[in-house]
Amino acid sequence: MNILAIGAHPDDIEVQCAGTLARYAAAGHKVFMAVATNGNVGSPTLSREEIANVRHAEQQASCAIIGAELIWMDFDDEWLMNDRPTRTRFIDAIRQADPDVMFIHGPTDYHPDHRISGQVAEDARIPASVRLVETALPHISKIPHVFYMDNPAGVGFEPEVYVDTTEVFETKRQMLLCHQSQDSWMRAIYGEHTSITDMMTDNSKARGLAGGYAHAEGFREVKTYPRTGTFAMLPGFGV
Ligand SMILES: [Zn+2]
């Protein structure tokens with residue numbers, strides 16, 4: 001299968017579903033990681049262009065760990081809008097990946113870029129398969145099955161299914177550690193106690209506890225027409 005995760009910022013996909021992506025990759029599936037914004041406000045010291053370059057390199061390093069293909073959409077951080085250029089770019093991301101399964105941000109996430117990224121991704125799912133919706137890439141033949149990823153720290157998100165990520169937790173941690181610029185930034189904006197890696201680890205254990213594993217990632221299925229798949233498309237459910 002082809003698997004596509006769409007995150008708003010460099011590091012979002014790692015936090016919420018890199019373990020699941022690592023399991024897909026290990027099983028021989030093709031994994032794409034699409035990042036909507038270039039992270040160009042995520043620094044207390046660098047210019048927007050400088051930090052965007054740093055974050056692109058960090059994202060490439062993370063993708064390389066599991067052999068994922070990076071789709072870098074390059075929108076401005078904190079200014080993601082639900083408009084025609086954005087939806088067009090998302091349609092092309094979906095057309096490039098031609099996914100069977102797609103992971104997106106959910107509607108209860110705290111961050112506007114996350115919520116808009118999720119909404120645009122969900123709304124681009126069907127037009128990606130429509131021939132006369134003309135973009136840079138040709139239409140695809142199937143409509144992907146979509147799952148919402150967890151929210152940061154799990155706040156406001158009740159998973160309905162858990163993927164056991166115990167065996168791939170270290171891989172996930174190494175992918176997140178590629179985003180070194182964000183540890184200092186997270187501490188600067190959210191407080192000295194906040195390490196993005198520690199936050200991810202705590203949530204991974206909490207979801208594991210709820211799911212019956214040492215580590216887990218939680219998901220919800222997007223239940224809109226047409227129903228294109230099942231939980232069985234997740235690793236650990238027979239895939
Ligand atoms: Zn984010």
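This passage describes the overall fold, the sheet, the helix packing and two local backbone features of a predicted model.

The secondary structure of the chain comprises seven helices and seven strands, and, read from the N terminus, the elements follow one another as β-α-β-α-β-α-β-α-β-β-α-α-α-β. Along the principal axes, the C-alpha atoms occupy a box of roughly 50 × 45 × 30 Å. The radius of gyration of the chain is 17 Å, which agrees with the value near 18 Å that a compact globule of 239 residues would have.

The seven strands are assembled into an open sheet with mixed pairing, in the order S3-S2-S1-S4-S5-S7-S6. The edges of this sheet are taken by strand S3 (69-75) and strand S6 (161-164), each of which has a single partner strand, so that one side of each is left without a neighbour in the sheet. From one strand to the next, the twist averages 25°. At the S6 edge, S6 is joined by four bridges to strand S7 (residues 216-221), and the two strands run antiparallel. Within this pairing, Val163 has Glu217 as its bridge partner in S7, while the partner of Asp164 in S7 is Ala216. Strand S7 is also joined to strand S5 (residues 145-148), here by two bridges and again with the strands running antiparallel; in this case the bridge partner of Phe147 is Glu221 of S7. In a regular strand, side chains alternate between the two faces of the sheet.

Two helices were examined with respect to the strands that they cover. Helix H1 (residues 12-26) lies across strand S1 (2-7), strand S2 (30-37), strand S4 (101-104), S6 and S7, and its direction is at about 175° to that of S1. Helix H3 (residues 84-97) lies across S1, S2 and S3, and runs at about 175° to S3.

The packing of helices against one another was then considered for three pairs. The description of two packed helices rests on the angle between their axes and the distance between the axes. For H1 and helix H5 (residues 169-177), the axes come within 9 Å and cross at roughly 135°, which makes H1 oblique to H5. The crossing of H1 past H5 is right-handed. On the H1 side, the contact is made by Glu14, Val15, Ala18, Gly19 and Ala22, and on the H5 side by Phe169, Thr171, Lys172, Met175 and Leu176. Classified by residue type, this contact of H1 with H5 contains six nonpolar, two polar and two charged residues.

Helix H5 also packs against helix H2 (residues 48-66), with axes that come within 8 Å and cross at roughly 160°; H2 and H5 are therefore roughly antiparallel to each other. This crossing, too, is right-handed. The residues in contact are Ser62, Ile65 and Ile66 of H2 together with Thr171, Gln174 and Met175 of H5, and by class they amount to three nonpolar, three polar and no charged residues. Thr171 and Met175 of H5 thus appear in the contact with H1 as well as in the contact with H2.

In the third pair, H3 and helix H4 (residues 112-124), the axes come within 9 Å and cross at roughly 65°, and the crossing is right-handed. The contact is formed by Thr86, Arg87, Phe90, Ile91 and Ile94 from H3, and by Val120, Ala121, Asp123 and Ala124 from H4. By class, the contact of H3 with H4 has six nonpolar, one polar and two charged residues. H3 is therefore placed both in this helix contact and across S1, S2 and S3 of the sheet.

Two local features of the backbone remain to be noted. Most residues other than glycine have a negative phi, and most peptide bonds are trans. Glu78, although it is not a glycine, has a positive phi of about 75°, and this residue is located in the loop between S3 and H3. A cis peptide bond, with omega of about -10°, joins Tyr225 and Pro226; Pro226 lies in the segment that comes after S7.

Definitions and conventions
Residues numbered from 1 in each chain as written. Predicted model: local features only at pLDDT ≥ 70, side-chain atom pairs only at ≥ 80, totals over all residues. Axes fitted to C-alpha atoms, helices over the stretch in contact; angles between N-to-C directions. Parallel < 35°, antiparallel > 145°, perpendicular 65-115°, else oblique. Left-handed = near helix turned anticlockwise from the far one by under 90°. Contact = placed C-beta atoms within 7 Å. Nonpolar A, V, L, I, M, F, W, Y, C, P; charged D, E, K, R; others polar. Pairing = 2+ DSSP bridges. Rg over C-alpha atoms; globule rule 2.2 N^0.38 Å.
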